[in-house]
Amino acid sequence: MKFKSLTTAAMFALSATMTLWSAPAAFAAGTDAQQIALGHKLYNAHCASCHRADGHGGVHFAHAVSADLQAPGLEHTYHENDALILRAILQARDEDGDRLDAPMPKWEGRLSQPQAEAIVAYLHTLHAHHGHAAKR
Ligand code: HEC
């Protein structure tokens, strides 16, 4: 009897704990979706003209071709390091710290850090599709 009531108490405590934990988790997921939506909007406004709507780049300029920003290529180039990707956007520096070629602008002053972070969150959702078996 004693054991059973303890178990009931434990279950009650567990479900109370789960209720407490599920609220912040749902909030965090909503925040991610909002951040990605914001990044998508900013990307369309500022980046798609050069990097194309799907992020695969390949637009030719006088001295450079716009980079492919789709995953996993960009993550690999920048060593899975969002701080380096942010620097590429805000400072126009490549993974080694060298200036990216024009016309890639330095976005610092035009995009805030949270705006650039939102764009990076969005870029992580752009996945390269290979061949004709591409899924949407
Ligand atoms: C005027 C055209 C132009 C615009 C606008 C532009 N880019 Fe670029 N971007 C380029 C070019 C060209 C390169 C390639 C530079 C190089 O090869 O050194 C590049 C490179 C990059 C790279 C480096 C990728 C790599 O593989 O090293 C990132 C990241 C990037 N752009 C992100 C962005 C984001 C995010 C935006 C919007 C906020 C943006 N760019 C807007 C032209 C542009």
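This dialogue goes through a helix pair, a nonpolar core and a ligand shell.

Reader: What kind of model is this?

Author: It is a predicted model, in which local features need pLDDT of at least 70 and side-chain atom pairs count only at pLDDT 80 or more, while totals for chains, interfaces and linings use all residues. Residues are numbered from 1 along each chain as its sequence is written.

Reader: How are two packed helices described?

Author: By the angle between their axes and the distance between the axes. Here the axes of α4 and α5 come within 10 Å and cross at roughly 115°. Axes are lines fitted to C-alpha atoms, for helices over the stretch in contact, and angles run from 0 to 180 degrees between N-to-C directions. Helices are DSSP runs (H or I, at least four residues), numbered from the N terminus.

Reader: Which residues make the contact?

Author: Asp 82, Ile 85, Leu 86, Ile 89 and Leu 90 of α4 meet Ala 116, Glu 117, Ile 119 and Val 120 of α5. Contact requires C-beta atoms, placed from the backbone, within 7 Å.

Reader: Which residues have the most contacts inside the largest nonpolar core?

Author: A nonpolar core is a set of buried Ala, Val, Leu, Ile, Met, Phe, Trp, Tyr and Cys residues joined through C-beta atoms within 7 Å; buried means 20 or more other C-beta atoms within 10 Å of a residue's own. In the largest, of 17 residues, they are Ile 89, Ala 116, Ile 119 and Leu 123. α5 gives the most to this core, 6 residues.

Reader: Which residues come nearest the ligand?

Author: Cys 47, Cys 50, Ala 67, Asp 101 and Met 104, of the 23 around the ligand. Near means a C-beta atom, placed from the backbone, within 6 Å. Elements giving two or more residues to this shell are α2, α3 and α4.

Conventions. Buried ≥ 20, exposed ≤ 12 C-beta atoms within 10 Å, placed from the backbone. Contact = placed C-beta atoms within 7 Å.
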